[in-house]
Amino acid sequence: MNKKITVLKGDGIGPEIVDEALKVLDKIGEKYGHSFEKDYVDIGGASIDKFGVPITDEGLERCKNCDSVLLGAVGGPKWDTIDPLKRPEKALLKVRAELGLFANLRPTKMFPQLKSASPLKDTGIKDGLDLMIVRELTGGIYFGEHKTFEQDGETVATDLMLYSEHEIERIGRVAFETARKRGSKVHSVDKANVLDSSKLWRKVMHKLAEEYSDVEYSDILVDNTAMQLVRNPGQFDVIVTENMFGDILSDEASMLTGSIGMMPSASLSSTTLGMYEPIHGSAPDIAGQNIANPLGTILSAAMMLRYSFDMIEEANDIEKAVNTVLDKGYRTVDIAGKDENVTKVSCSEMGDLVCREIQ
Ligand code: NAD
């Protein structure tokens with residue numbers, strides 16, 4: 001098969017981790033007879049420096065005209081003080097909206113080999129922790145109207161959280177369908193005791209729960225979810241929630257696994273075009289040192305093969321290779337913990353090790 005990938009390396013550690021994922025994709029191509037053509041587009045600070053905007057219209061078009069998009073990360077202190085409308089992160093919102101990427105899948109998996117790196121290792125967390133956060137990505141408060149104005153002699157600011165029935169229904173369907181292929185359990189997270197948008201969210205989810213009666217369904221408030229994720233994360237299979245709650249809860253959940261550097265994500269549309277990226281940011285504190293963990297990005301590439309290209313065996317091959325490398329005791333510094341029996345490796349060495357297992 002021949003697939004065209006638009007590559008958005010971005011800022012900070014973005015270029016380092018994306019290079020490792022591309023290395024792994026090429027190795028998969030070699031083994032299975034596929035070719036992955038790459039189209040490199042600047043995004044974030046890199047694009048601001050060259051073109052004055054976080055992504056150009058032409059770059060956006062190239063994201064639309066490919067089979068899938070692979071992203072590193074954007075942002076950094078250099079661009080923190082520029083006009084908020086031109087900040088690096090604005091590019092992500094634009095790509096998500098223009099490509100219709102309404103469903104963000106964030107698998108949160110505890111690799112048993114990394115249990116010692118989890119700050120929650122002594123609190124009853126199970127080795128088999130494996131949950132999927134399905135986050136709505138193109139609606140809610142991040143996409144509602146933002147306003148700052150003067151009122152009664154002081155500055156006031158407001159952000160609108162808006163959801164329509166169809167937006168809730170389509171993300172709900174993704175969650176129920178995902179649950180059917182996993183543990184058949186959905187927790188829908190909202191704040192229905194306070195917010196009207198959450199009351200509508202709950203009403204639509206209840207209708208879907210009747211339709212998907214084979215899937216066990218529960219409502220749960222977002223504050224309780226935050227607590228339950230730490231107290232007993234093993235109770236969850238699929239968590240579905242709106243944009244901002246999902247953003248916050250998935251960062252919390254990522255820590256259960258030991259390192260944010262391990263976590264992949266997929267942003268899906270109603271077609272096979274998706275965008276795949278690790279859930280972490282550009283980590284400016286470690287950029288340029290070849291010490292970042294590339295596994296979240298490599299596992300994102302595996303999700304690309306599974307969800308956009310229907311290359312299931314190839315995706316499994318990458319995930320198996322990552323497991324084997326961890327089994328053999330190789331660790332980037334973020335997941336090395338205090339274990340003296342592990343071998344510390346750089347970002348590029350980790351990419352090479354995964355490639356070697358795919359051989
Ligand atoms: P971050 O995720 O970049 O870093 C948080 C901590 O985790 C840092 O200590 C970092 O060194 C570490 N870390 C992150 N990824 C790692 C990896 N692969 N390997 C090893 N360690 C890793 O979050 P932050 O520091 O809050 O944000 C830095 C910049 O990234 C900001 O400009 C922010 O706006 C941006 N950001 C971008 C995205 C994105 O592009 N999707 C997401 C979040 C934050």
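Here are a few worked exercises on a predicted model.

**Exercise 1: two packed helices**

Task: Find how H5 and H6 are placed against each other, and decide which class their angle belongs to.

Solution:
- Start with where they are: H5 covers residues 165-180 and H6 covers residues 196-211.
- Now take the geometry. The axes are 9 Å apart and the packing angle is about 45°.
- That angle makes H5 oblique to H6, because angles under 35 degrees would count as roughly parallel and 65 to 115 as roughly perpendicular.
- As for handedness, H5 and H6 cross in a right-handed way.

**Exercise 2: who meets whom**

Task: List the residues that H5 and H6 bring to their contact, then sort them by character.

Solution:
- From H5 come Glu165, Ile168, Glu169, Ile171, Gly172, Arg173 and Phe176.
- Facing them from H6 are Leu200, Trp201, Val204, Met205, Leu208, Ala209 and Glu211.
- Sorted out, the contact of H5 with H6 has nine nonpolar residues, one polar and four charged.

**Exercise 3: aromatic pairs**

Task: Take the aromatic pairs Phe36–Phe309 and Phe176–Tyr212, and work out how their rings sit and what parts of the chain they link.

Solution:
- The count comes to four aromatic pairs.
- For Phe36 and Phe309, the centres are 6.2 Å apart with 15° between the planes, so this pair is stacked.
- Phe36 belongs to strand E2 (residues 35-40), while Phe309 sits in the loop between helix H9 (295-307) and helix H10 (312-327). That puts them 273 residues apart, so the pair links distant parts of the chain.
- Both Phe36 and Phe309 are buried.
- Phe176 and Tyr212 are stacked too, at 4.9 Å centre to centre and 15° between the planes.
- Phe176 is in helix H5 and Tyr212 in the loop between H6 and strand E9 (216-221), so this pair ties together parts 36 residues apart in sequence.
- Check burial with the cut-off of under 20% relative accessible area: Phe176 has 0% and counts as buried, and Tyr212 is buried at 4%.
- Finally, Phe176 and Tyr212 join Tyr217 in one aromatic cluster.

**Exercise 4: a look at Val342**

Task: Is Val342 buried or exposed, and which residues does Val342 touch?

Solution:
- Find Val342 in the loop between helix H11 (333-336) and strand E14 (343-344).
- Its relative accessible area is 14%, so Val342 is buried.
- Leaving out residues up to four places away in sequence, Val342 touches Gly329, Arg331 and Ala336.
- For scale, the C-alpha atoms of Val342 and Thr138 are separated by 41 Å, and the two residues are 204 residues apart along the chain.

Methods. Residues numbered from 1 in each chain as written. Predicted model: local features only at pLDDT ≥ 70, side-chain atom pairs only at ≥ 80, totals over all residues. Heavy atoms only, no water. Axes fitted to C-alpha atoms, helices over the stretch in contact; angles between N-to-C directions. Helix = DSSP H or I, 4+ residues; strand = E, 2+ residues; numbered from the N terminus. Parallel < 35°, antiparallel > 145°, perpendicular 65-115°, else oblique. Left-handed = near helix turned anticlockwise from the far one by under 90°. Contact = heavy atoms within 4.5 Å. Nonpolar A, V, L, I, M, F, W, Y, C, P; charged D, E, K, R; others polar. Phe/Tyr/Trp six-rings, centres within 6.5 Å; stacked < 30°, edge-to-face > 60°. Buried < 20%, exposed > 50% of the residue type's maximum accessible area, 1.4 Å probe, protein only.
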